[in-house]
Amino acid sequence: GKTPADDHPVKQVDITIQDGGFRHPVYSDMLRGPIYEIPAGAWRRQGSSCTFRNIPLYDAPVLIAEADLVMN
């Protein structure tokens, strides 16, 4: 019931993806468009799960994908 705002406060969150066979993950801000590498120290694989630390989220979709799939 609130009026939408133009500000987009960003929260840093940890995300775990089950069955994520990532080797070189990247993060994409789907609203603004850029693609960012996720540094090796910001994620880890444990068994078949991958946990990403301090991923910036706000009221817009984001994508975590294998670099080979989204970068030329």
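Begin by selecting aspartate 19, which lies in the loop between β1 and β2 (25-29) of this chain. The model is predicted, and the backbone angle at this position deserves a look: aspartate 19 has a positive phi of about 55° although it is not a glycine. Most residues other than glycine have a negative phi. Switch on the surface at this residue; aspartate 19 is exposed, with a relative accessible area of 66%.

Next, select asparagine 54, which belongs to strand β5. Here too phi is positive in a residue other than glycine, with a value near 55°. Is asparagine 54 buried, partly exposed or exposed? With a relative accessible area of 45%, asparagine 54 is partly exposed, because the partly exposed class lies between 20% and 50%.

Keep β5 in view and add its sheet. Three strands form an open sheet in the order β1-β5-β4, and their pairing is antiparallel. Colour β1 (11-17) and β4 (43-46) separately: these strands stand at the edges, and each has a single partner strand, so one side of each is left without a neighbour in the sheet. Viewed along the sheet, neighbouring strands are turned by 20° against each other on average, with direction ignored. In general, strands of a sheet pair through backbone hydrogen bonds, so a backbone display is suitable for this stop.

Now restrict the selection to β4 and β5 (residues 49-57). These two strands pair in the antiparallel sense over four bridges. Which residue of β5 is the bridge partner of tryptophan 43? The partner is phenylalanine 52.

Move then to helix α1 (residues 67-70), where valine 70 is placed. Valine 70 has a relative accessibility of 33% and therefore counts as partly exposed. Extend the selection to Met30, Ile35, Leu63, Leu69 and Met71; together with Val70, these residues make a nonpolar surface patch of about 520 Å².

Finally, display the whole chain. Its elements comprise one helix and six strands, running β-β-β-β-β-β-α from the N terminus on. The C-alpha atoms fill a box of roughly 45 × 25 × 20 Å along the principal axes. Of the 72 residues, 29% count as buried. The chain exposes about 5400 Å², of which carbon and sulfur atoms supply 52%. As a last display, draw the contacts between residues at least 6 apart in sequence: 72% of these join residues at least 24 apart.

Notes: Residues numbered from 1 in each chain as written. Predicted model: local features only at pLDDT ≥ 70, side-chain atom pairs only at ≥ 80, totals over all residues. Heavy atoms only, no water. Pairing = 2+ DSSP bridges. Axes fitted to C-alpha atoms, helices over the stretch in contact; angles between N-to-C directions. Patch = residues over 30% accessible without salt bridge, like charges linked within 9 Å, V, L, I, M, F, W, Y side chains within 5 Å. Areas by Shrake-Rupley, 256 points an atom, 1.4 Å probe, with all protein chains shown as cover. Salt bridge = Lys/Arg side-chain N within 4 Å of Asp/Glu carboxyl O. Buried < 20%, exposed > 50% of the residue type's maximum accessible area, 1.4 Å probe, protein only. Contact = heavy atoms within 4.5 Å.
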